[in-house]
Amino acid sequence: MSLTPEMIKHIAKLARIGLDPSDIDATCHTLNDILGWIDQLAEVRIDDVPPMVGTETEPLRQREDTITEGNCRDSLFSCAPETSGPFYTVPRVVE
Amino acid sequence: MTLTKLTLTEARQGLVARTFSARELVQAHLDAIERLNPTLNAYITPCPQSDVLKAADAADERYKHQKAGRMDGLPIGIKDLFCTQGIRTTAASAMLADFIPPYESTVTERLLKEGALFLGKTNLDEFAMGSATTNSAFGPTINPWKRADAPEIALVAGGSSGGSSAAVAAGLALASTGTDTGGSIRQPAAYCGIVGLKPTYGRCSRWGIIAYASSLDQAGPMTRSVADAALMLEVMAGADSRDSTCSPRPVPAFHQAVGKSVKGLRVGIPSEYRVDGLSPEILALWEQGITWLKEAGCEIVEVSLPHTRYGLPSYYIIAPAECSSNLARYDGIRFGLRKDAPTLDELYEKTRAAGFGTEVRRRILIGTYVLSAGYYDAYYLKAQKVRTLIMRDFEHAFNTVDVLLTPTAPSAAFAQNDNVNDPVQMYLNDIFTVPASLAGTPALSVPAGLNKAGLPLGLQIIGRHFDEETVLSIGSALEKAAGFTHRPTLYAGAGA
């Protein structure tokens with residue numbers, strides 16, 4: 001499976017990473033090199049092998065859904081690049 | 001006495017005996033940082049001297065009143081991937097160049113609680129993605145070691161925890177924290193001639209560590225001795241309700257495993273690690289390690305891990321997939337860099353293009369691709385199945401042996417300009433460390449000798465899940481036999 005420049009543009013769109021048009025060919029070339037090397041996995045027989053999701057050394061646990069640290073709006077807002085009153089700001093999305 | 005030469009264990013003894021004060025210990029390190037950090041670039045953000053000295057004075061008070069914690073007054077470096085409350089935490093990315101976390105990671109919180117003093121935040125590959133600490137938005141870290149035949153060539157410190165390894169090797173910290181996703185503690189430890197321990201996945205909480213690949217990321221100590229790694233892991237490890245993958249098992253007294261007899265333990269030598277083109281120097285060191293362990297009373301057993309060669313390619317599906325998901329949070333809105341644009345999508349695209357470096361963008365794109373509709377089964381699901389086979393290889397081997405012995409890396413530290421334009425060649429540096437990451441087993445790198453050019457080489461010990469103790473016992477036997485006392489060219493103790 002080889003990536004085309006069109007596919008690179010599509011992936012970049014999905015990842016929301018702006019790609020300079022002049023970088024598309026080079027990106028395509030590098031990613032195809034990496035994927036070509038990854039393709040050696042094709043020779044591994046995986047019939048009836050279950051996928052490993054985590055390291056599965058411990059069962060996942062649930063905890064009570066309780067507030068442990070509340071009232072931290074101001075400290076969280078101190079990290080935001082732009083706020084307005086008690087809100088994060090984004091460009092207008094509704095006309 | 002050169003205070004920057006000490007191990008954690010020696011420094012703690014000196015503080016208890018009041019041979020020197022925490023203030024003197026810290027001042028020696030602050031001086032070393034001032035002198036050598038401009039050359040090495042081991043720290044992205046050194047902590048303000050007045051803050052560290054004030055913390056040292058508080059530690060001295062606790063020693064005076066016999067209330068000192070297990071790491072009290074010991075100056076260490078913190079990889080700049082651990083969130084530290086009120087101290088800038090960048091992940092070596094332009095995306096987080098101004099990020100000051102409002103909270104403390106679990107691991108650093110535990111170190112602080114036992115009195116550890118933070119000298120600063122150490123350099124790394126951006127978001128821990130790399131094997132050389134050349135992918136940092138704050139410039140590369142330089143290895144304090146030099147080739148005897150070409151001292152003018154700047155070498156890489158390994159990665160991604162290269163700032164941590166360089167700081168410990170050069171005397172700019174008694175020890176450092178690192179994180180390891182595919183080898184990021186062990187490989188830089190080997191390149192800089194120090195000890196690096198990746199604990200079992202789940203041994204240390206990941207809470208507050210900036211996420212790269214959540215099923216692989218694990219924190220661990222980078223130190224000058226195996227005993228120091230045991231001491232520091234005891235403090236760093238343990239249950240944490242804020243990370244559901246963190247193990248609730250009690251933390252063993254790891255220091256008791258150090259120096260314990262290894263007589264009768266069975267050491268596996270995986271034949272698949274004898275890869276084509278492996279340097280004869282690395283092979284010779286491996287043979288030497290086998291001889292040392294035989295002499296210590298271990299039984300050497302040839303074992304097979306047949307899926308070893310598929311470790312790296314499956315890692316480069318799984319890790320980018322998880323990274324593309326984890327790094328989706330950098331949107332320019334809630335924290336981090338923001339590049340304004342007329343629409344929301346353009347804001348995301350401009351922010352993420354400007355904030356992420358080349359390798360991070362590359363891994364996000366690969367991860368997005370292997371998770372996208374139509375390719376998920378062929379790539380991501382397949383890699384997860386291969387991961388099962390790799391895990392089974394280890395389980396099978398550990399039915400007959402207690403640990404595995406391998407080289408840590410296929411070469412010594414290379415030059416800053418090598419491999420930069422060939423990602424696959426750069427990925428191959430992690431060929432011996434990635435399998436244990438995928439399986440989640442503990443693994444330790446111990447400096448074991450020098451190559452002909454005078455650069456350090458490491459041996460790796462891989463153990464069963466949650467059996468860091470046997471790994472540390474074997475590690476200390478190797479350490480004792482190797483007697484590695486070499487120091488790098490750029491070194492705070494030199495001429496002092």
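Two residues are in contact here if their C-beta atoms, placed from the backbone, lie within 7 Å. Keep that cut-off in mind as we walk through this predicted model.

**Stop 1: the interface, from chain A**

Color the two chains separately and select the residues where they meet. The contact draws 41 residues from chain A and 54 residues from chain B. On the chain A side, highlight helix H1 (5-15), helix H2 (24-38) and helix H3 (73-77): each supplies at least two residues that touch chain B. Which helix gives the largest share of that side? The answer is H2(A), with six residues. Now color the chain A side by residue class, and you will find 27 nonpolar, eight polar and six charged residues.

**Stop 2: one helix against another**

Stay with H2(A) and add helix H9 (residues 311-326) of chain B. The axes of these two helices come within 9 Å and cross at roughly 130 degrees. That crossing angle makes H2(A) oblique to H9(B). Show side chains for A:Ile34, A:Trp37 and A:Ile38 in H2(A), then for B:Pro313, B:Tyr316 and B:Ile317 in H9(B), which they meet. What classes of residue make up this contact? There are six nonpolar residues, with no polar and no charged ones.

**Stop 3: chain B as a whole**

Hide chain A and zoom out. Chain B carries 15 helices and 11 strands. Its radius of gyration is 21 Å, close to the 23 Å from the globule rule for 496 residues, so chain B is as compact as a globular protein of that length. If you draw a box along the principal axes, the C-alpha atoms of chain B fill roughly 65 × 55 × 50 Å. Color by burial next: 62% of the 496 residues of chain B count as buried. For a contact map, take pairs at least 6 apart in the sequence of chain B; 77% of those contacts join residues at least 24 apart.

**Stop 4: helix H15 of chain B**

Finally, select residues 468-482 of chain B, which form helix H15. Try a distance check between the end C-alpha atoms: they are 20 Å apart, which agrees with the 21 Å that 15 residues should span at 1.5 Å a residue. Is B:Leu472 buried or exposed? B:Leu472 is buried, and the other buried residues of H15(B) include B:Val471, B:Ile474 and B:Leu478. To see what covers the buried residues, bring up neighbors in chain B, among them helix H7 (226-236), helix H8 (280-295) and strand S10 (443-450). Just after H15(B), end the tour at B:Gly483, which takes a positive phi of about 55 degrees.

Key. Residues are numbered from 1 along each chain as its sequence is written. Chains are lettered from A and ligands numbered from 1 in the order in which they are written. This is a predicted model: local features need pLDDT of at least 70, side-chain atom pairs count only at pLDDT 80 or more; totals for chains, interfaces and linings use all residues. Helices (H or I, at least four residues) and strands (E, at least two) are DSSP runs, numbered from the N terminus. Ala, Val, Leu, Ile, Met, Phe, Trp, Tyr, Cys and Pro count as nonpolar, Asp, Glu, Lys and Arg as charged, and the others, Gly among them, as polar. The radius of gyration is taken over C-alpha atoms; the globule rule is 2.2 Å times the number of residues to the power 0.38. A residue is buried if 20 or more other C-beta atoms lie within 10 Å of its own, exposed if 12 or fewer, and partly exposed in between; C-beta atoms are placed from the backbone. The expected span of a helix is 1.5 Å times one less than its number of residues. Axes are lines fitted to C-alpha atoms, for helices over the stretch in contact, and angles run from 0 to 180 degrees between N-to-C directions. Angles under 35 degrees count as roughly parallel, over 145 as roughly antiparallel, 65 to 115 as roughly perpendicular and the rest as oblique.
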